[in-house]
Amino acid sequence: MPANSAQRMAEAPPPPRNRLELAARIALLPPQQRDVAVHALRRLAPSLPPAKVTRRAPRAFGEWMADARPELTWTARHFAVMQQALDRATAGTVRRLLFQVPIRHGKTEHNTIGYGAYRLEQDPGTRLLVASYNQPQANKLSRQIRRLARARGVAISTDRDAMQEWETVAGGGLRAVGAGGGVASVNADVIILDDPIGSRDDAESPAKRDQVWDWLTNDILARCEPHTVVLMSMSRWHQDDPVGRLLDQHGERWTVVDLPAEAEKNDPLGRAVGEPLWPELRGADWLAEKRVELGSYAFASLLQQRPRPREGGMFKWDWWKLLPETPSLANVVGPLVRYWDLAGTAKKNASHDPDFCSGVLVGRLTDGRTCVFDVARFRASVGQRDAKLEEQARADRAKYAGRIHWWMETEAGIGGDERTQTIMRRVQGVGLVMYTERASTSKTLRAEPAASACEAGNLCLAPDTPERKWRDAFRLECADFPTGAHDDQVDGLSGAYNKVTLVLPPQPLIQTRFRMR
């Protein structure tokens with residue numbers, strides 16, 4: 001062997017022990033040699049074990065932001081709360097994290113650009129998927145994350161560096177996608193969703209909301225690996241936007257950071273009611289200006305994260321009288337009535353939106369007003385439904401004893417009478433008074449008496465019960481009626497209201513009474 005060859009072999013460093021060492025050596029090569037070496041990385045990286053040092057020593061995200069973006073201040077209260085939540089995501093103790101943050105409060109700079117670059121610096125092998133309301137916006141976020149990551153010393157491959165998809169020399173990188181874009185064959189360690197709906201027109205379009213929801217559930221969430229962390233940052237637009245659906249259908253799986261621009265009662269930050277979230281830059285004067293510019297509807301959603309219908313259809317949003325506490329049964333005239341609108345289809349998947357079973361509990365008060373005390377609502381197959389109805393019957397009998405009657409419509413279709421009788425027998429075993437009837441008019445006509453009472457200020461709502469939070473969902477559905485996706489709660493309200501306000505006792509199709517022991 002020639003002497004010079006032997007000398008070069010003696011001087012050559014040992015083979016890399018892990019992916020990080022290989023990436024570090026490639027990063028030191030001249031640009032013209034780096035692209036060739038990246039191909040070697042792709043061949044060798046899968047055979048090399050991840051190193052214990054792949055991630056840098058743990059460092060709190062807030063400290064990192066102060067160092068990486070010193071031109072801005074990241075110590076405001078809402079940033080501190082978000083930083084604590086993101087540190088939990090980094091540690092792997094939280095895998096689904098949802099931020100409801102007002103517009104113009106730094107959520108994109110902090111949660112998307114900052115945290116994306118932070119994760120790549122901590123582990124250059126991290127695979128990021130960043131999504132927003134369209135592809136140009138997603139590409140813009142990608143560009144800003146790459147710029148910050150590169151400034152922090154993360155080696156970016158020149159072999160693949162388009163805004164839509166780029167890689168680090170360590171095998172990590174970023175894929176940017178707009179809402180509705182394909183993500184087949186994309187494997188991600190961290191998914192960052194930044195405002196999947198970006199305009200009022202899209203938010204007000206049921207078709208667009210359905211499209212974004214299907215994409216989110218079927219294309220994004222369905223492809224998560226067991227360790228994948230999903231972060232969504234969004235200013236609310238509509239009660240049925242993606243955040244609204246996630247909270248309604250999968251809320252128990254998500255950790256929620258809810259930060260209204262003006263503090264409300266029981267504020268998580270301990271603010272006084274009305275106190276601004278970011279008084280240093282978005283103080284009371286700025287919020288007052290936005291309230292005038294946006295109007296109350298947009299202010300409630302974009303700033304307060306409390307989207308509500310514009311006004312409502314038959315039931316206007318502001319017509320309801322909200323009671324601070326539940327009226328005593330001593331203030332109820334006659335029996336309480338829980339009226340059921342039944343369905344019998346279980347939810348099959350994330351995008352499936354079947355009808356609910358809803359039982360609305362209503363009573364007439366001594367002052368002449370009518371009060372909604374509770375709404376029981378669930379989705380279930382026929383067999384599961386009947387068991388849940390029996391369970392609710394037992395709970396109602398225990399709580400209200402002989403003061404409650406149940407009503408329901410006879411089920412339609414072939415076998416409807418038989419299914420109705422089956423439910424009657426189960427409730428019969430519990431010992432409740434129960435009636436059934438056949439619907440003879442449209443849902444809209446049945447709702448008119450209750451809507452009239454609501455407009456006159458004679459229909460009030462008790463607070464949420466210890467068993468469930470029902471009042472906001474009930475008001476939203478009523479406001480959307482008769483054009484909303486669901487009307488089960490409105491139908492239950494109509495039936496119960498019409499029963500408690502009748503002067504003469506009804507003449508039901510089927511009547512079963514039981515003596516209470």
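Colleague: How are helices α6 and α7 oriented to each other, and why?

Modeller: This is a predicted model, and in it the general idea is to compare the directions of two helix axes, where an angle under 35 degrees counts as roughly parallel, 65 to 115 as roughly perpendicular, over 145 as roughly antiparallel, and the rest as oblique. Helix α6, residues 107–122, packs on helix α7, residues 135–151, at an angle of about 50°, with the axes 9 Å apart, and α6 and α7 are therefore oblique to each other. The crossing of this pair is right-handed.

Colleague: Which residues of α6 and α7 make the contact?

Modeller: Contact means heavy atoms within 4.5 Å. From α6 the residues are T108, E109, T112, I113, G114, G116, A117 and L120, and from α7 they are L141, Q144, I145, L148 and A149. Sorted by class, the contact of α6 with α7 holds 7 nonpolar, 5 polar and 1 charged.

Colleague: How should I read helices α12 and α13, and at what angle do they pack?

Modeller: Helix α12 covers residues 382–400 and helix α13 covers residues 416–430, and they pack at about 30° with their axes 9 Å apart, which makes α12 roughly parallel to α13. Their crossing is right-handed. On the α12 side the contact includes R385, D386 and L389, among others, and these meet residues of α13 including T422, I423 and R426. The residues of this contact of α12 with α13 divide into 6 nonpolar, 1 polar and 6 charged.

Colleague: What angle do the axes of α14 and α16 make where they cross?

Modeller: The axes of helix α14, residues 443–455, and helix α16, residues 488–500, cross at roughly 65° and come within 8 Å, and α14 and α16 are therefore roughly perpendicular to each other. Here α14 passes α16 in a left-handed crossing. K443, R446, A447, P449, A450 and A453 in α14 meet V490, D491, L493, S494, Y497 and N498 in α16, and by class this contact of α14 with α16 has 7 nonpolar, 2 polar and 3 charged residues.

Colleague: Leaving the helix pairs, how many cavities of 30 Å³ or more are counted?

Modeller: A cavity is space where a 1.4 Å probe fits but cannot get out, and the count here comes to 1 cavity of 30 Å³ or more. The largest cavity holds about 60 Å³ of space.

Colleague: Which residues line the largest cavity?

Modeller: The lining consists of L129, V183, V186, N187, A188, I191, D219, I220, R223, C224, E225 and T228, and by class it has 7 nonpolar, 2 polar and 3 charged residues.

Terms used: Residues numbered from 1 in each chain as written. Predicted model: local features only at pLDDT ≥ 70, side-chain atom pairs only at ≥ 80, totals over all residues. Heavy atoms only, no water. 1 Å grid on protein atoms, 1.4 Å probe; cavity = no way out; pocket = protein on both sides within 12 Å on 5 of 7 lines; lining within 4 Å. Points joined across faces, edges and corners; volume = space filled by probe spheres on them. Nonpolar A, V, L, I, M, F, W, Y, C, P; charged D, E, K, R; others polar. Axes fitted to C-alpha atoms, helices over the stretch in contact; angles between N-to-C directions. Helix = DSSP H or I, 4+ residues; strand = E, 2+ residues; numbered from the N terminus. Left-handed = near helix turned anticlockwise from the far one by under 90°.
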